[in-house]
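Trainee: I have just opened a new model and would like to learn how to read it. Could we go through it together?

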Amino acid sequence: MKRALLLKLLILIVALAFLGCVAVFAAVEEPRVDVVIESYDKTLAKGSVSASYFSDAVQKLGKENGLSVVIAKTLKEDEIYSINEITNNYINGTGKWLGFIIHNGKLIQDENFLNMALSPGDKVVLYYGSKTDTKIASNMDFIEKDSTLTVKIYGEQVVWNTDSGKVTSETIFESIKGAKVHLKFMDGREQVALTSDAGEAVFYNVSAGIYNCYAEGYSGKNLPLIVKTINKQFAFGINDPSSITRAEFSAVLAAYKNIVSSSGSIRISDISGAKYEKEITSLASNGYISGYSDGTFKPDKPISLLEGAVILSRFYESVPDYQAESGIPSWAGKSIATAKSNGILNGITAGYSEVINEELLIKLFLNMK
């Protein structure tokens, strides 16, 4: 009798222990990561999935996008055999499916990349290219001087090495020559330049505004010269990205809306000789800005979100009726209501008194589209 009871108790303990382990494993969530699959000539898929390993992330994204992902398992390592029938050595007998992750801003490679463990926020990149011909552009720097913009493209990789029996890592910096850099303005205008031996592409006569920049290119074997890991939006003509001045805001706005001077009267006393005087004059003569009650514009003063939203609202028809918002001065109430009704402030959580920085500036202008 006692033996039977002890046996039942033991079975119960084992069962509870098993259920506890199941509960623990069930509670562990797979990290959410961004994934992109780059073919030799275009992006096949990009998105966000939950996965613990590189191979899982690629297969899940492929399934969501109707891609046929075939993984070959060998004694040495697993490898991508094909995606949508694009096999290794597909381009002129060359090329291979390769991959890396970007973890905490660092690009990390491994020979057996498919088995790399993932962490929340990682970016998983699978691309078709060559270990010798294809470069990974993980960094893009912007250098401004007057109306000239220099874009520097280079790779920064963390390469893991186990040849010595110890796991070591090495950070490699490499300038990328021959990449085609695209500089696109918000109205669709575009300039293109190639990077030099130093990995620099130079653009001349660049006006103040918000730009989108990315790089691409192909080697002599028609394989990708560069893996497009970066696509940056930035504001040109800004002295301090953390604090946009009223003059800089006006310059970006005038360029974006292509505003030219009209015959309208201007009653601003302090813009003669100021940087972006022409752009400020264009906006003022068309009634989009009027300055302060004392007749000044204060071009070098940082512009607040409230002031910026009021100016942008003048490009829309005013709302006929609105409910006064607490904390908004009476002179700005209708303008803020108009800005909100037209989506200018969508996704913006900053307070109205906060100074507009580069990130906020870009959000405001993108919301005007």
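Trainee: At what angle do the axes of helix α5 and helix α6 cross?

Mentor: Happy to help, and keep in mind that this is a predicted model. Two packed helices are described by the angle between their axes and by the distance between those axes. Here, helix α5 (residues 305-313) and helix α6 (residues 333-341) have axes that cross at roughly 70 degrees and come within 8 Å. Angles of 65 to 115 degrees count as roughly perpendicular, so α5 is roughly perpendicular to α6.

Trainee: Which residues make the contact between them?

Mentor: On the α5 side look for L306, A309, V310 and S313, and on the α6 side for S335, I336, T338 and A339. The residues of this contact comprise 5 nonpolar and 3 polar ones, with no charged residue.

Trainee: Now the strands. In what order do they form the open sheet, and is the pairing parallel or antiparallel?

Mentor: In general, strands of a sheet pair through backbone hydrogen bonds, in either a parallel or an antiparallel way. In this case 4 strands form an open sheet, ordered β14-β13-β16-β18, with antiparallel pairing. Its edge strands, β14 (190-194) and β18 (231-236), each pair on one side only. From one strand to the next, the twist averages 25 degrees.

Trainee: How many bridges link β13 and β14?

Mentor: Strand β13 (residues 180-185) pairs with β14 over 5 bridges. For a landmark, find H182, which stands opposite V192 in β14.

Trainee: And which helix lies across β16 and β18?

Mentor: That is helix α7 (residues 358-367), which runs at about 100 degrees to β18.

Key:
Residues are numbered from 1 along each chain as its sequence is written. This is a predicted model: local features need pLDDT of at least 70, side-chain atom pairs count only at pLDDT 80 or more; totals for chains, interfaces and linings use all residues. Side-chain values use heavy atoms; hydrogens and water are left out. Two strands pair if DSSP finds at least two bridges between them. Helices (H or I, at least four residues) and strands (E, at least two) are DSSP runs, numbered from the N terminus. Axes are lines fitted to C-alpha atoms, for helices over the stretch in contact, and angles run from 0 to 180 degrees between N-to-C directions. Contact means heavy atoms within 4.5 Å. Angles under 35 degrees count as roughly parallel, over 145 as roughly antiparallel, 65 to 115 as roughly perpendicular and the rest as oblique. Ala, Val, Leu, Ile, Met, Phe, Trp, Tyr, Cys and Pro count as nonpolar, Asp, Glu, Lys and Arg as charged, and the others, Gly among them, as polar.
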